[in-house]
Amino acid sequence: MIDETRTRKIDLGTNWVKAGSGTTYLCPIGFDAAGASEDELRAHCLDESRNPQND
């Protein structure tokens with residue numbers, strides 16, 4: 001049970017990534033965003049710049 005809980009929490013991890021355009025994205029930890037294009041970031045990550053809580 002403890003290992004299952006630990007695995008689920010690891011899966012919830014995200015990283016903030018700033019694209020060349022200045023847009024910020026929340027990407028899952030397993031996603032390699034180092035060489036990702038803007039289209040790949042849009043497909044795999046959440047656009048953090050459009051978060052209404054950032055205003």
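This passage describes a three-stranded sheet in a predicted model and two threonine residues, Thr23 and Thr24, that belong to its loop and strand regions.

The sheet is open and consists of three strands in the order S1-S2-S3, with antiparallel pairing. Strand S1, which covers residues 14-18, and strand S3, which covers residues 46-47, form the edges of this sheet, since each of them pairs on one side only.

The pairing of strand S1 with strand S2, the latter made up of residues 24-28, is antiparallel and is built from five bridges. Individual positions illustrate how the two strands are set against each other: Thr14 stands opposite Pro28 in S2, and Asn15 has Cys27 of S2 as its bridge partner. Between the two strands of this hairpin there are five residues, and within the hairpin Gly22 adopts a positive phi near 100°. On the other side of the sheet order, strands S2 and S3 are joined by two bridges, again in the antiparallel sense, and here Tyr25 stands opposite Asp47 in S3.

Attention now turns to the two threonines. Thr23 is located in the loop between S1 and S2, whereas Thr24 has its place in strand S2. The relative accessibility of Thr23 is 18%, and this residue therefore counts as buried, the limit for that class being under 20%. For Thr24 the corresponding value is 22%, so that this residue counts as partly exposed.

The surroundings of Thr23 include a polar contact of 3.2 Å, which links its side chain to the side chain of Ser21. When neighbours within four places in sequence are left aside, Thr23 is in contact with Val17, Lys18, Glu38, Asp47 and Ser49. With the same neighbours-within-four-places exclusion applied to Thr24, the residues in contact with Thr24 are Val17, Lys18, Leu46, Asp47, Glu48 and Ser49. Val17 and Lys18 thus appear in the contacts of Thr23 and also in those of Thr24, and both lie in the range of strand S1, residues 14-18. Asp47, the residue that stands opposite Tyr25, is likewise in contact with Thr23 and with Thr24. Finally, Thr24 and Cys45 are separated by 21 residues in sequence, while their C-alpha atoms are 9.6 Å apart in space.

How values were computed:
Residues numbered from 1 in each chain as written. Predicted model: local features only at pLDDT ≥ 70, side-chain atom pairs only at ≥ 80, totals over all residues. Heavy atoms only, no water. Pairing = 2+ DSSP bridges. Helix = DSSP H or I, 4+ residues; strand = E, 2+ residues; numbered from the N terminus. Buried < 20%, exposed > 50% of the residue type's maximum accessible area, 1.4 Å probe, protein only. Contact = heavy atoms within 4.5 Å. Polar contact = N/O pair within 3.5 Å; in protein donor to acceptor, adjacent residues only side chain to side chain.
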